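Welcome! Take a moment to turn the structure around on your screen, and then let us walk through it together.

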Amino acid sequence: MHMEMENLNLFIPSSVLFSICICALIFFSFTYSKSNSKLKNLPPGSFGWPIIGETFAFMNETQQRFVGDRMKRHSPKLFKTNIFGEPTVVFCGISGHKFIASNEEKLFLAWRPHSMQKLFRSSYQKAASQATIPRADAVQIYRAPGFLKPEALVRYIETMDSLVQEHLKLYWDGKSTVEVYHLAQLLVMTLSARFFTGLQNNPARTEKFTELMTIITSGLHTVPFSVPGTTFYRAMKAADAMRKEVLLLIKEKKAAMSSGVQMHDIMSFMLFNADPTGRFVPENEVADKIMGLMAGGFHSPSMATSYIIKYLGENPKICDKVRTEQLEIARSKQPGEALTWDDMQKMKYSWAVSLEVMRLVPPLQGTFREVISEFIYEGYTIPKGWKVYWSASSTNKISEYFSAPDEFDPTRFEDGKTPPAYSNIPFGSGPRICPGKEYARLQLLCSLHHIVTKYKWEVINPNAKIAGGMNPVPVEGIHIRLQPYQLVKMSAFSS
């Protein structure tokens, strides 16, 4: 009898699990739809499946398809959906982007998906609301010491220039073929690790950081289901490992600074300077903030760098024009002389190319906000507590704003030309525009300068597919065939 009861206990959960799930879905579907039926004039759209809504479509489809299909189906201005278990309104077009940018802190606060909150847990635990982030808190670390102001970046360009050259010598020189996306990740991590933490040349450590951050970023916008085998489970494990690495770095930094070593980086500032309330930030919180900064500056510049190289490899005439601009700067330098702020300002065509690539392959797909006060938009009620989302894909390939929108045409941004405001916003817009925008510009241009003046290349897999979601990646990487390019001084041509 005892054995029979044991067998029964094992049998019941497995036999009724499916029924329980179905009942739960029906219950939540009923209560969810009933609660929302009381709200009138909601935007057009669909909440999708009970509980999960349209989350899986959002994560797996390209943003161009997810947003574009619903703009056609529901409205080109806005539509409702359910993403990550949250009723969400996607604002579309220039007017939608402008409305969100104009109402930060008035109608919206920045909101991070639950997966991100768990990955960088201590960064959210001190806030009264663990999901919403006031802008003052988000930019405080940049504003106080002025790390990302032009006058500070001017001093960092020489370091950046040196690090880029060291990276190319280590990973590119002497290679006949390379996979660009992974190398771009390594380069971006090398630069950000130095900038954020002061980490000196340490390729092994940088490669480990890159490996962990690649896994972490894959779980930033996913279902926070921490079960072995899931993307989020792997991301949580990687976040734990990365946190240990950063805490070890903090320990090393404190030991070095206690012995009199001077360090000027964001991590040092956070460790040894109190916040406006006089509170010193605990080490675990510093670690999570540094991880958050690294994550924010990891995927987007890696994608941008990779696709700039891809598009130039596929468009030799445009690449030659970029190379001509960069060679003129290179020939004006003395041997071993680093790039300067003034040099960066001369790279106008190179930046036009970069903007056009980021239009075609937005490094920042979009971001979420939480509604803090109910309002009416386009005649529809947007309830308090709902989430809103803006997407680059609602403007970046619209023929109304860009003629022949699928074509690679840097002249759209050349000679002072600018597309309509809010139509191409690779760094966001309004008060919450990426505070690292200028840093990212310098990083892209510095890398591009040394790559086009050192190498010629062709793309081996031009039809490389991009995985969907908010953090798209080239599924098979971007492989190129390299040849060295001999830098010839102007005097050689004039003799």
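What follows is a short tour, from the overall layout to the core, a few charged pairs and the surface.

Keep in mind from the start that this is a predicted model. The protein contains 19 helices and 11 strands. Of its 495 residues, 51% count as buried. Its accessible surface comes to about 23400 Å², and carbon and sulfur atoms account for 57% of that. Distant parts of the chain meet often here: among contacts with a separation of 6 or more, 72% involve residues 24 or more positions apart.

Let us go inside next. In soluble globular proteins, nonpolar side chains tend to be buried together. The largest nonpolar core in this model has 98 residues, and those with the most contacts inside it are Trp172, Ile216, Leu312, Trp457 and Ile480. Helix α9 supplies the largest share of this core, with 11 residues. Apart from this core lies another one of 18 residues, with Phe47, Tyr377, Ile382 and Trp386 among them.

Ile480 is a good place to pause. Leaving aside neighbours within four places in sequence, its contacts include Trp172, Val178, Ile309 and Trp457. Polar and charged names also appear in the list of its contacts, including Ser176, Thr177 and Glu458.

Another residue to look for is Tyr307, which is found in helix α14. With a relative accessibility of 3%, Tyr307 counts as buried. Not counting residues up to four places away in sequence, Tyr307 touches Val357, Val361, Ile466, Pro474 and Ile478. The C-alpha atoms of Tyr307 and Ser354 are 9.0 Å apart, although 47 residues separate the two along the chain.

Now find helix α10, which covers residues 203-218. How does its length compare with what should be expected for its 16 residues? At 1.5 Å a residue the helix should span 22 Å, and its end C-alpha atoms are 23 Å apart, so the two values agree. Several residues of α10 are buried, including Arg205, Thr206, Phe209, Leu212, Met213 and Ile216. The cover over the buried residues of α10 includes helices α5, α9, α11 and α13. One contact to look at here joins Thr190 and Thr206, and Thr190 also touches Leu163. Thr190 lies in helix α9, and at 19% relative accessibility Thr190 counts as buried because the cut-off is under 20%.

Charged residues come next. Side chains of opposite charge can pair when their charged atoms come close. In this model the count comes to 25 salt bridges. One of them joins Lys454 and Asp173, whose closest N and O atoms are 3.7 Å apart. Lys454 belongs to helix α18 and Asp173 to the loop between α8 and β5, so this pair ties together parts that are 281 residues apart in sequence. Both partners are partly exposed: Lys454 has a relative accessible area of 29%, and Asp173 has one of 30%.

What is the setting of the salt bridge between Arg243 and Asp288, buried or exposed? Arg243 is buried, with a relative accessible area of 6%, and Asp288 is buried too, at 1%. The closest N and O atoms of Arg243 and Asp288 are 2.6 Å apart. Arg243 lies in helix α11 and Asp288 in helix α13, so the pair ties together parts that are 45 residues apart in sequence.

A third salt bridge links Glu314 and Lys310, with 2.8 Å from N to O. These two residues sit four residues apart in helix α14, so about one helical turn separates them. An α-helix has 3.6 residues a turn, so residues three or four places apart point the same way. Glu314 is partly exposed at 30%, whereas Lys310 is buried at 7%. Elsewhere, Glu54, Glu61 and Arg70 are linked in a network of salt bridges.

Finally, come back to the outside. Trp49, Ile51, Ile52, Phe56, Val223, Phe225 and Val227 form a nonpolar patch on the surface, and together they have about 670 Å² of accessible area. Phe56 is found in helix α2, which spans residues 55-60. At 44% relative accessibility, Phe56 counts as partly exposed.

Methods
Residues numbered from 1 in each chain as written. Predicted model: local features only at pLDDT ≥ 70, side-chain atom pairs only at ≥ 80, totals over all residues. Heavy atoms only, no water. Patch = residues over 30% accessible without salt bridge, like charges linked within 9 Å, V, L, I, M, F, W, Y side chains within 5 Å. Areas by Shrake-Rupley, 256 points an atom, 1.4 Å probe, with all protein chains shown as cover. Salt bridge = Lys/Arg side-chain N within 4 Å of Asp/Glu carboxyl O. Buried < 20%, exposed > 50% of the residue type's maximum accessible area, 1.4 Å probe, protein only. Expected span 1.5 Å × (residues − 1). Contact = heavy atoms within 4.5 Å. Core = buried A, V, L, I, M, F, W, Y, C linked by side-chain atoms within 4.5 Å.
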